[in-house]
Amino acid sequence: MHRLLQLTLRQAGSYVKDVKASQCLQKSLVQASILAKSYSTDASLQKDISSTDDRDFKGHDMLAPFTAGWQTTDVNPLVIEKSEGSYVYDTNGKKYLDSLAGLWCTALGGNEPRLIEAATKQLNILPFYHSFWNRTTKPSLDLATELLEMFTASKMAKAFFTNSGSEANDTQVKLVWYYNNALGRPNKKKFIARSKSYHGSTLISASLSGLPALHNKFDLPAPFVLHADCPHYWRFHLPGESEEEFSTRLANNLENLILKEGPETIAAFIAEPVMGAGGVIPPPATYFDKIQAVLKKYDILFIADEVICAFGRLGTMFGCDKYGIKPDLVSLAKALSSAYMPIGAVLVSPEIYDVIHSQSNVLGVFSHGFTYSGHPVACAVALEAIKIYKERNIIEQVNKVAPKFQEGVKAFSSSPIIGEIRGTGLILGTEFTDNKSPNDPFPPEWGVGAYFGAQCEKHGMLVRVAGDNIMMSPPFIITPQEVDQLIDIYGKALKATEERVAELKSQHK
């Protein structure tokens, strides 16, 4: 199969928006020879689209996450070998601007020497010890204290360490169940998440996530999880409805859902301050104020999933600070260590911890944890990352470069193939639609988003492709000059994609 076609379908196949579209895309593979001929006119694209290692990694031995089986058998993976600042390099030495910061996480870029030194120093002193049975390590204790002091949106009493955001959100469910059981409320066990949210890929966190691809054929979501409206104003508002009116309607819908299920059965509501993998969806005006009022009315806990938003991504230390969220529980990961070591955390309010404390005394133990909870090397790296964020005033740095990033990309909003460009701080999403309407998607077999992503890769930039959505969340250290490069490559990729869409339209008249 032609290399560009493979690459385009490779990116499209993994991230189409729903099961029906995915099936449609797979059927379109029969048109491969026709499409290959149309792509073959661009010789430079054939040659340069991917600088894959000369060695053949097709059919490799890894069961690759979020990857279709045919991709690993038919297409060589892009193998990244080195990182440096805002860039990564493949095994052929080709350089890419990493506009997604890995997976929304390498906040300090690819080769921060202080983080490497912190890991090396801790490895030489104590490479591992656990935190079970009232034994622990100094880095884990120090990091817990640091996080509780940093988070000021609402008072937190304790920090519990995990290895990822998925584990953090799994832990949230167990903590809330434990809490309600201790209070004699055995029926208050349901969780409300939101359509198009992403909270992880473990059994419980995937259930919380509102993306069908995470549920299909996994027998998910679990029955205790409900999904409320996605707060995407552009896509879901009614004609003439303002953002505030839209928020009011969603809050009313949430209240109706709670009443339908019975408030005595609803334990918690979980939300990302800005929805990430669902398409980069900032909340509409007054949304969280109105949602929190409903939750408070029915004694429902608020869990803030800060896995993507925390430590500066939105131009505030936490997303809760930006949107006035006062959570009972908080999930952290990703930029916590700038992704140099796997680590996540759960912050627990005094009200919840007091109950857990008392119940664990009754039972004799709090029976939850992981071998690597509070891993000393991961905690040492996270402590150093936080120290760097403070010393370099990372919030100010983000706020200096964010306007250039947001305005530079949003300048392309008039493109006839772009429905919406949305974002805040250093996170941004582009949604491709026809006629600038949320109701006119392009045929999924066209792979419009995937073609754009392939063009970006050709020109030396990596983006996240999710159907016809493109997502970017560059490292916090990105420079104005690198933002200029990002905008330039975005523009080139957009121009080529516009031409491709025009060609496809002419073929389907």
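So, N134: you'll find this residue in the loop between helix 7, 113-125, and helix 8. Keep in mind that we're looking at a predicted model. Phi of N134 comes out near 65°, so to speak on the positive side, and this is a residue other than glycine. Is N134 buried or exposed? Exposed, with a relative accessible area of 80%.

N134 also turns up in the second largest pocket. Together with S131, A159, F160 and F366, N134 lies nearest the centre of that pocket, out of 31 lining residues. The space in there is about 1,100 Å³. Which elements build the wall? Helix 8, residues 138-150, gives at least two residues to the lining, and so do strand 4, 158-162, and helix 15, 350-363. As for chemistry, the lining of the second largest pocket splits into 15 nonpolar, 14 polar and two charged residues.

While we're on backbone oddities, here are a few others. A339 is not a glycine either, and has a positive phi of about 70°. You can find A339 in the loop between strand 9, 329-332, and strand 10, 344-348. A339 counts as partly exposed, at 35% relative accessibility. Then there's a cis peptide bond, with omega at about 5°, joining L220 and P221. P221 sits in a loop too, the one between helix 10, 203-208, and strand 6, 225-228.

Okay, on to helix 13, residues 287-297. Which of its residues are buried? Those are Y287, F288, I291, Q292, V294 and L295. They cover an arc of only 160° around the axis, so they end up on the same side of helix 13. Turn to the face away from that buried side and you meet the exposed residues K296 and K297. What covers the buried residues of helix 13? The cover includes three strands and two helices by name: strand 5 (190-194), strand 7 (266-271) and strand 8 (301-305), plus helix 12 (243-261) and helix 14 (319-323). And just after helix 13 comes D299, with a positive phi of about 55°.

Helix 13 also brings us to a cavity. How many cavities of 30 Å³ or more are there? The count comes to one. It holds about 40 Å³ of space. Its lining is made up of A228, D229, L250, L254, F269, Y287 and I291. Notice Y287 and I291 in there, both of which we just had among the buried residues of helix 13. Helix 12 and helix 13 each supply at least two residues of that lining. By type, the lining of this cavity has six nonpolar residues, no polar ones and one charged.

Let me finish by zooming out. The protein has 19 helices and 15 strands. Of its 509 residues, 57% are buried. If you take contacts between residues at least 6 apart in sequence, 73% of them join residues at least 24 apart. And the surface? The protein exposes about 21,400 Å², with carbon and sulfur atoms supplying 54% of that area.

How values were computed. Residues are numbered from 1 along each chain as its sequence is written. This is a predicted model: local features need pLDDT of at least 70, side-chain atom pairs count only at pLDDT 80 or more; totals for chains, interfaces and linings use all residues. Side-chain values use heavy atoms; hydrogens and water are left out. On a 1 Å grid over the protein atoms alone, a cavity is a set of points where a 1.4 Å probe fits but cannot get out, and a pocket is an open set with protein on both sides within 12 Å along at least five of seven lines; lining residues have an atom within 4 Å of a point. Grid points are joined across faces, edges and corners, and a volume is the space filled by probe spheres set on the points. Helices (H or I, at least four residues) and strands (E, at least two) are DSSP runs, numbered from the N terminus. Ala, Val, Leu, Ile, Met, Phe, Trp, Tyr, Cys and Pro count as nonpolar, Asp, Glu, Lys and Arg as charged, and the others, Gly among them, as polar. Buried means under 20% relative accessible area, exposed over 50%, partly exposed in between (1.4 Å probe, protein chains only). The arc is that of the directions from the helix axis to the C-beta atoms. Contact means heavy atoms within 4.5 Å. Accessible areas come from the Shrake-Rupley method with a 1.4 Å probe; for residues, only the protein chains shown count as cover.
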